[in-house]
Every structure is written in C-alpha cells, then in structure tokens.
Amino acid sequence: MIDLILEVLSWISIIGGIFFMMVGTIGIVRMPDVYTRLHAAGMTDTMGAGLLLLGMCFQAGLTLVLVRLVLIYAFLLFTSPISTHALASAALSGGVEPYTVPADRSGKLNSLNGEQNS
Amino acid sequence: MLRAFGLGAILFIFWLLLSGHYTPMLIGFGLGSCGLIVYLAMRMDVVDHEGVPLQLGGRFWMYFPWLMKEIFIANVNVARVILNPRLPISPVVTHFKASQKSDLGKTIYANSITLTPGTITTNIQGQDLEIHALTLKDIDGREEDEMDHRVSWVESGSRGNS
Amino acid sequence: MFVAATVGVLASMSLAMTRALMGPTVYDRVLAVNTFGTKTVLLIAVLGFLTERPEFLDLAIVYALINFIGTIAVLKFFEYRDLGWTRHPEADAE
C-alpha cells in the first residue's frame, strides 16, 4: 500500500517537474528580451528541477541515492541565483536596454492589474 | 578555530555520504583530504563568518520551508503569465530598501528575491537593491516585506551569538 | 515511465537549443546554454534511473558544478575581456 502511494506521488511529481520545465523553456523562447528570459529560466532551475528530483527521491527510498539527489538540488539552489545575477549585471554593463511594454498596451495592463489588486 | 573544526566536520560528513565505501584505508584517505582542504581554506583566508556561516544555525532551516512555499506560488504565477496567449508582461526596474546589517544578510535577501521567479536582483549598493520584475503584480511589496523581516530574523541569530 | 521523463527533458533541451541558435545578443546565448546545462544534469539523473545505474548521480553532481563555473567564467570573460583581471579600487579611481 505504501509502495503504491509512493509510486503515485513520484509520478505526479515527475510529470509536474516536466510540465514546469517545458513551460520555463517555452518562456525562454517566447519572451522579448534577456531580462524577461531570466525569469523563465529561473522556473526551470527551481520548480522544474525540484519536482523532477523529488519524484526520483520517492523512487529511491532511504538510501545514499536520496542523499545525492538532495545534494544536486542544493547545488542548483545555491548556484542558480548567482549565475542569474551575474548574467543580469553583465547584460546591464554590456549595454542591453531592458524591454518595456509599448505605451498603449502598458496603460491597459496597468488598469488590469489595478482591478486585480483592489 | 571553531569554524575550522566545523568546516572539517561538515566536509567529512559530506565525504562519508558521497563515498559509500567504509574500509579503514579509504576513511583515512577521506580524513586526509578533508584536512588538506581545511588547511588550504585557512591559507586562502575564507574560514570566517561569511565563508563558514555556522552562526546562522537552525534559523536558516526554519526560514527555508517558507522560502520554498513562496517559490512555489511565484512559479505558478509566472507559469500562468507564460502560458497566456497574450503574454501579459510589464517589465519594470524598481528599488527596494534592505534592512539587513551585514553583507551576508543582504546576500541571503538578494538571492531569495532572485530565486523567486518574477523578480531578479540586478544590483546592490549599500542598502539599496535594484530589482527587475516581470509584471507589476510581482512587486506589490507584500511578499518582499515579509521576506525582508524573515531574513533579518535569520541574520539576527548571528549578532546574538558572536 | 522514466522513458517519458527522458523524452520530456530532451524536448525542452531542444527548445533551449533553439534559443541558443536564435538569441540576438551573446547574453541570450549564455542564458540558453546555462539552462541547457541544468537540463543536462537532470537528463543524466533520469538516465541513471532509467538504466538503474545510480553511479550516474555522481556525474550529475560534477556536471552541476562545472556548468556553474563555466557560466561564470564565460560571463566574466565577456564583462572584463580577461579571465585573470579583477576590479581593483585604483582601477576604478583612474
């Protein structure tokens, strides 16, 4: 019974991880400039990798394999913000201008967000 | 000196977990390599409150589950933005004030902001953080204020002990 | 089922490669290669489970570290045009 529950949890996690990874990569292709693409890339590093490795943790059980999976995720969590920050500041000092929404569209979006917040 | 011993102990536990071979000779090699690395780290002068932040202790691990919850919520929000056919983004660059005293606390805060999808720290000058946000909703300030308080709480463990 | 996970990771890797080929600036390409590296780590881990060889996870750990150092090295090169040079206070003052 426990085995079955672990199996189901593991496949839910792995499918969720693949989903978030695909969405993050679609974001990298769709987004208009390098800074907005960084947000999408962050999804792959945190949620995609996290859920995928969590699913594999359920498969591994309490062994040394589990420790290695946790270590891989710890490395990813420690290194991902550093490389993101390095990339953003390198792009800023390299003179890449952040993309801003054209005026007419951003006005519409501001009102939309305002309605959601209130 | 306490930090050096702590670093050596952590490295040796790390070695034991990665190795999986427990014969006296191999454990001896493991101890020797851990000692060598601690010696090199002391020569490089990185065994201090920033290189081996033992003073944070358990407080960081009490902050961590909350951070993971925030990361999950932010991920779902960014996924909805990306999958929306109209791609409703409104990128902005704003500034936040960090209330942490030490560089270590500011680094934890800035990296927590970067780990949460939708916001990226691009620059830190003094107490001023430059944030690039994907949508205006991402920087309404509530999560960031709470994160700021919690990171200050994590950091205050270091001031109380040392 | 691990076959499905492998196919998913490979599909997103090919999408990331599209961005690396299209990317207008060099930073887009570095970003795409960094994401590609993260996915390679996950691919190695999934392949380890698929072929039931847990030793692959050690390779995944090493790849995660090399991927990070490689990204930082490339970015440092494009920011300073030199890998050995660091920012000195005197250099800023001049």
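This is a short tour of two chain interfaces and three buried residues in a predicted model.

**Stop 1: chains A and B**

Start by selecting chain A and chain B and showing the residues where they touch. You should have 42 residues from chain A and 41 residues from chain B in the contact. Between them, chain A and chain B bury about 3400 Å², with carbon and sulfur atoms giving 73% of that area. If you look for salt bridges between chain A and chain B, the count is zero. Polar contacts are there, though: eight residue pairs across the interface of chain A and chain B, both partners at pLDDT 80 or more.

Now colour chain A by helix. Helix 1 (2-30), helix 2 (34-60), helix 3 (64-93) and helix 4 (103-117) of chain A are the elements that give two or more residues to the side touching chain B. Which of them gives the most? Helix 3 of chain A does, with 15 residues. Recolour that side of chain A by residue type and you will find 26 nonpolar, 13 polar and three charged residues.

**Stop 2: chains C and A**

Next, hide chain B and bring up chain C with chain A. Here 36 residues of chain C meet 42 residues of chain A. The buried area between chain C and chain A is about 3400 Å², and carbon and sulfur atoms give 83% of it. On the chain C side, select Tyr27(C), Leu31(C) and Leu42(C): these lose the most area to chain A, together 18% of what that side buries.

How many salt bridges lie between chain C and chain A? The count is two. For one of them, select Asp58(C) and Arg68(A), whose side chains meet with 3.2 Å from N to O. There are also seven residue pairs in polar contact across the interface of chain C and chain A, both residues at pLDDT 80 or more.

Looking at chain C alone, helix 1 (2-22), helix 2 (26-50) and helix 3 (56-80) each supply at least two residues of the side that touches chain A. Helix 2 of chain C has the largest share of that side, 13 residues. By type, the side of chain C that touches chain A divides into 24 nonpolar, seven polar and five charged residues.

**Stop 3: Lys39(C)**

Stay on helix 2 of chain C and select Lys39(C). Lys39(C) is buried yet has no salt bridge. Where is the nearest side chain of opposite charge? That is Asp45(A), 7.5 Å away. Show the surroundings, leaving aside neighbours within four places in sequence: Lys39(C) is in contact with Met21(A), Thr25(A) and Thr44(A) from chain A, and with Val9(C), Ser12(C), Met13(C) and Ala16(C) from chain C.

**Stop 4: Thr40(C)**

Thr40(C) is also found in helix 2 of chain C. Is Thr40(C) buried or exposed? With a relative accessible area of 12%, Thr40(C) counts as buried, because the cut-off is under 20%. A polar atom of the Thr40(C) side chain lies 2.7 Å from the backbone oxygen of Phe36(C). Beyond neighbours within four places in sequence, Thr40(C) is in contact with Met13(C) and Tyr63(C). Add Leu10(C) too: 30 residues apart along the chain, the C-alpha atoms of Leu10(C) and Thr40(C) are separated by 8.8 Å.

**Stop 5: Glu70(B)**

Finally, bring back chain B and go to helix 3 (residues 58-83), where Glu70(B) is found. Glu70(B) is buried, with a relative accessible area of 9%. Setting aside neighbours within four places in sequence, select Thr116(B) and Glu143(B) to see what Glu70(B) contacts.

Terms used: Residues are numbered from 1 along each chain as its sequence is written. Chains are lettered from A and ligands numbered from 1 in the order in which they are written. This is a predicted model: local features need pLDDT of at least 70, side-chain atom pairs count only at pLDDT 80 or more; totals for chains, interfaces and linings use all residues. Side-chain values use heavy atoms; hydrogens and water are left out. Contact means heavy atoms within 4.5 Å. Buried area is the accessible area (1.4 Å probe) that two parts lose on being put together, summed over both. A salt bridge is a side-chain nitrogen of Lys or Arg within 4 Å of a carboxyl oxygen of Asp or Glu. A polar contact is a pair of N or O atoms within 3.5 Å; within protein, one must be able to donate a hydrogen and the other to accept it, and residues adjacent in sequence count only if both atoms are side-chain atoms. Helices (H or I, at least four residues) and strands (E, at least two) are DSSP runs, numbered from the N terminus. Ala, Val, Leu, Ile, Met, Phe, Trp, Tyr, Cys and Pro count as nonpolar, Asp, Glu, Lys and Arg as charged, and the others, Gly among them, as polar. Buried means under 20% relative accessible area, exposed over 50%, partly exposed in between (1.4 Å probe, protein chains only). Lys and Arg count as positive and Asp and Glu as negative; His and the chain ends are not counted.
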